[in-house]
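The following exercises are to be worked through with the sequence and the model side by side. Each task is followed by a solution in steps.

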Amino acid sequence: MMDDLMYGHGSVGGPFTLTDQNGTRRSDTEFRGRLMIVYFGYTSCPDVCPTDLMAITQALDRLGSAADGVQPIFITIDPERDGSVLADYVSAFHHNLIGLTGSPEEVQKVADAYKAFYAKVPDERGGYSIDHSGVIYLMGRNGEYLGFMPPQTSSDRLADVLRKNLAHDE
């Protein structure tokens with residue numbers, strides 16, 4: 001997985017169609033012409049997901065009107081629990097953030113295409129948490145993989161990366 005992400009030894013990303021927080025089917029092709037930030041996480045994540053989504057929000061806010069060239073996407077890796085709360089969750093972050101879900105099989109297929117790791121970890125109360133990679137994927141205007149930023153990347157660094165990629169090929 002890391003060789004694919006870091007050195008481009010394999011493909012990362014690809015076509016997907018999932019359901020957004022409002023119940024509308026959405027395809028990756030809708031976002032052509034803009035950069036995509038793709039983040040896999042879950043709404044009951046206690047720390048990493050909200051921290052990274054807030055950094056993405058702050059980075060987009062720093063870009064001002066240039067942020068219109070970026071589509072942030074949150075794909076839940078916990079579709080069983082997140083379907084009914086996804087709209088409220090994404091509304092706490094950037095106003096352009098789209099939350100996507102689907103069947104567990106649909107989500108797994110997209111996660112596999114992005115080389116996104118996640119696994120359920122049972123807890124002592126009969127519930128579970130989810131271990132996950134927390135990688136922030138950057139996809140180009142034509143859906144091509146541009147690179148990734150690790151979890152806990154600062155909003156300043158994210159804004160710099162986005163600004164450079166937005167300026168490229170203009």
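**Exercise 1. Overall dimensions**

What percentage of the 170 residues of the protein count as buried?

Solution. The model is a predicted one, in which local features need pLDDT of at least 70 and side-chain atom pairs count only at pLDDT 80 or more, while totals for chains, interfaces and linings use all residues. Residues are numbered from 1 along each chain as its sequence is written, and side-chain values use heavy atoms, without hydrogens and water.

Step 1. Buried residues have under 20% relative accessible area, exposed ones over 50%, and partly exposed ones lie in between (1.4 Å probe, protein chains only). By this criterion 48% of the 170 residues are buried.

Step 2. The protein exposes about 8,200 Å², of which carbon and sulfur atoms supply 50%; the areas come from the Shrake-Rupley method with a 1.4 Å probe.

Step 3. A compact globule of 170 residues would have a radius of gyration near 15 Å, and the value of 15 Å for the protein agrees with this. The radius is taken over C-alpha atoms, and the globule rule is 2.2 Å times the number of residues to the power 0.38. Along the principal axes, the C-alpha atoms fill a box of roughly 50 × 35 × 30 Å.

**Exercise 2. The sheet**

Determine the strand order of the open sheet of 7 strands and identify its edge strands.

Solution. Step 1. The protein has 6 helices and 9 strands, which are DSSP runs numbered from the N terminus (helices: H or I, at least four residues; strands: E, at least two).

Step 2. Strands pair if DSSP finds at least two bridges between them. The order is S2-S1-S5-S4-S3-S8-S9, with mixed pairing. Strands S2 (25-27) and S9 (145-149) are the edges, each pairing on one side only.

Step 3. Strand S8 (residues 136-139) runs antiparallel to S9 and is joined to S9 by 4 bridges; Tyr137 has Phe148 in S9 as its bridge partner. The hairpin of S8 and S9 has 5 residues between the strands, and Gly143 there takes a positive phi near 85°.

**Exercise 3. Helices and core**

Which helix gives the most residues to the largest nonpolar core?

Solution. Step 1. Helix H2 (residues 48-63) lies across strand S3 (35-41), strand S4 (70-76) and S8, at about 165° to S3. Angles run from 0 to 180 degrees between N-to-C directions, with axes fitted to C-alpha atoms, for helices over the stretch in contact; contact means heavy atoms within 4.5 Å.

Step 2. A nonpolar core is a set of buried Ala, Val, Leu, Ile, Met, Phe, Trp, Tyr and Cys residues joined through side-chain atoms within 4.5 Å. The largest has 50 residues, and Phe40, Ile75, Tyr114, Tyr137 and Leu162 have the most contacts inside it.

Step 3. H2 gives the most to this core, with 7 residues.

**Exercise 4. Positive phi and the second hairpin**

Where do Lys115 and Gln152 lie?

Solution. Step 1. Most residues other than glycine have a negative phi.

Step 2. Lys115, with a positive phi near 60°, lies in the loop between H5 and strand S6 (118-122). Gln152, whose phi is about 70°, is found in the loop between S9 and H6.

Step 3. S6 pairs with strand S7 (residues 128-132) in the antiparallel sense over 5 bridges, and Val121 has Ser129 in S7 as its bridge partner. In this hairpin, with 5 residues between the strands, Gly126 has a positive phi near 95°.
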